[in-house]
Amino acid sequence: MKAYQFGVLGAGNMGRAIVDGAVRAGMFPAKSALLFNRSADKRAENQKMGYAVTEDYTKVYTGCDTVVLGVKPQNFGEVLPRLAACALSDKPLLISIAAGVTFSKIEQALGADTPIIRVMPNTPLLLGEGASALVKNAAASAGQLDAAVRLFSSMGAAAVFEKEDMLNEIIPYNGSLPAFVYQFIEAFAKSAAQHGISREDALPLICKTVIGSAKMVLQGDKTPAELIGAVCSPGGTTIEGVRVFDSRGLDEIVAEASDKAIARAYELGK
Ligand SMILES: NC(=O)c1ccc[n+]([C@@H]2O[C@H](COP(=O)([O-])OP(=O)(O)OC[C@H]3O[C@@H](n4cnc5c(N)ncnc54)[C@H](OP(=O)(O)O)[C@@H]3O)[C@@H](O)[C@H]2O)c1
């Protein structure tokens with residue numbers, strides 16, 4: 001057992017959301033987590049929240065049982081060599097949330113015996129309503145994976161995959177999906193405006209409908225197709241709109257958008 005149970009190397013939006021979620025879920029107290037930020041203001045803010053703070057990220061790597069790598073993918077080239085220079089024998093479990101940074105890249109720098117869990121989270125995790133996909137490397141144990149699944153389940157849904165490539169394949173369905181949903185919300189808000197409904201009135205109605213509709217799917221007693229059928233009475237209003245989506249090829253548009261996002265993830269990982 002090291003000085004701290006948990007560390008965040010880069011306590012930005014995502015890193016903070018993860019440690020806050022874990023503390024909220026009672027997994028450990030704030031004082032058992034060591035957070036690294038470059039900015040003194042952010043360190044002061046995190047200290048006020050009860051976290052231990054540091055401006056030296058090697059202390060997070062050497063002093064914590066589990067470390068979230070919360071820096072951007074482009075910072076790994078600078079950060080990994082400094083961690084490697086610590087030459088640790090007792091390596092922490094690393095949880096990397098960086099899109100496209102492969103096990104092989106981290107292992108090449110820190111050694112193949114480094115336990116790593118890669119996670120593709122999404123931004124609703126900031127509200128405890130995230131959806132995360134997890135994959136472990138060979139050095140991480142089943143127990144370490146279970147602990148990571150518990151951590152991410154405490155702030156939303158979590159799914160485990162065997163193959164690392166699945167973290168690219170999942171991107172349109174969790175990491176990028178919030179943006180696609182916002183596009184839909186925005187398009188309906190614009191359409192509402194054309195019918196004299198202000199954004200102020202439209203946005204809460206549209207968003208509540210998106211949340212409620214998704215909850216009905218999650219209940220699981222009806223498929224999405226059955227739920228569409230329940231809203232579309234024959235000769236009614238909704239079926240007219242559904243026909244437009246069908247004739248314009250909504251499924252094909254979604255498939256193409258997903259394929260493009262996935263292809264980009266593979267490109268970034270090269
Ligand atoms: N945002 C998303 O939708 C999303 C979704 C899935 C995965 N991710 C992944 O989550 C990770 C973090 O994203 P974020 O949105 O939380 O970013 P962020 O808020 O900008 O946080 C980045 C953190 O890295 C630190 N940092 C920046 N430059 C650094 C450097 N040169 N050396 C060391 N530390 C440095 C920052 O320090 P300061 O706090 O002092 O600024 C900050 O704590 C990324 O790898 C991203 O791929 C994000």
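**Figure 1. The largest nonpolar core holds 52 residues.** Among these, Leu9 and Ile95 touch the most other members. Helix α1 supplies the largest share of this core, 6 residues. The model shown here and in the other views is predicted. Isoleucine 95 has contacts beyond its neighbours within four places in sequence. These partners are Thr66, Val67, Val68, Leu69, Ile117, Val119 and Ala148. Isoleucine 95 also takes part in strand pairing, with isoleucine 117 as its bridge partner in β6.

**Figure 2. The protein chain has 12 helices and 8 strands.** The chain counts 270 residues, of which 29% are buried. Its C-alpha atoms fill a box of roughly 70 × 40 × 35 Å along the principal axes. Take the contacts between residues at least 6 apart in sequence: 65% of them join residues at least 24 apart.

**Figure 3. An open sheet is built from 8 strands.** The strand order is β3-β2-β1-β4-β5-β6-β7-β8, and the pairing is mixed. Strands β3 (52-54) and β8 (156-160) stand at the edges. Each has a single partner strand, so one side of each has no neighbour in the sheet. From one strand to the next, the twist averages 20°.

**Figure 4. Strand β1 (residues 4-9) is largely enclosed by the rest of the structure.** The reason is burial: 5 of its 6 residues are buried, and a buried residue has 20 or more other C-beta atoms within 10 Å of its own. Strand β1 pairs with β4 (residues 64-69) in the parallel sense, over 5 bridges. In that pairing, leucine 9 of the core has leucine 69 in β4 as its bridge partner. Strand β1 also pairs with β2 in the parallel sense, over 4 bridges. Here valine 8 stands opposite leucine 35 in β2.

**Figure 5. Strand β2 (residues 33-36) pairs with the edge strand β3.** The two strands run in the parallel sense, and 3 bridges join them. Leucine 34 stands opposite alanine 52 in β3.

**Figure 6. Strand β6 (residues 116-120) is mostly covered.** Of its 5 residues, 5 are buried. Their side chains divide between two directions. Ile116, Arg118 and Met120 point one way. Ile117 and Val119 point the other way. Arg118 is buried along with the rest. Strand β6 is joined to β5 (residues 93-96) by 3 bridges, and the two run parallel. Isoleucine 95 and isoleucine 117 are bridge partners in this pairing.

**Figure 7. The ligand is surrounded by 24 residues.** Gly10, Gly12, Met14, Arg38 and Ala98 come nearest. Helices α1 (13-24) and α4 (76-84) each supply at least two residues of this shell. The largest share, 3 residues, comes from α1. Which classes of residue make up the shell around the ligand? There are 9 nonpolar, 11 polar and 4 charged residues.

**Figure 8. Helix α4 is in contact with helix α5 (residues 103-110).** The two axes come within 8 Å and cross at roughly 35°. From α4, the contact uses Phe76, Leu80, Pro81, Leu83 and Ala84. From α5, it uses Lys105, Ile106, Ala109 and Leu110. By class, this contact has 8 nonpolar residues, no polar residues and 1 charged residue.

**Figure 9. Alanine 87 has a positive phi of about 45°.** Most residues other than glycine have a negative phi. Alanine 87 is not a glycine, yet its phi is positive. This residue sits in the loop between α4 and β5. Is alanine 87 buried or exposed? Alanine 87 has 9 other C-beta atoms within 10 Å, and 12 or fewer count as exposed, so alanine 87 is exposed.

**Figure 10. Alanine 263 lies in helix α12 (residues 250-268).** Alanine 263 has 11 C-beta neighbours inside 10 Å, so it counts as exposed. Glutamate 169 is 94 residues away from alanine 263 along the chain. Their C-alpha atoms are separated by 8.7 Å.

Note on methods:
Residues numbered from 1 in each chain as written. Predicted model: local features only at pLDDT ≥ 70, side-chain atom pairs only at ≥ 80, totals over all residues. Pairing = 2+ DSSP bridges. Axes fitted to C-alpha atoms, helices over the stretch in contact; angles between N-to-C directions. Near = placed C-beta within 6 Å. Nonpolar A, V, L, I, M, F, W, Y, C, P; charged D, E, K, R; others polar. Core = buried A, V, L, I, M, F, W, Y, C linked by C-beta atoms within 7 Å. Contact = placed C-beta atoms within 7 Å.
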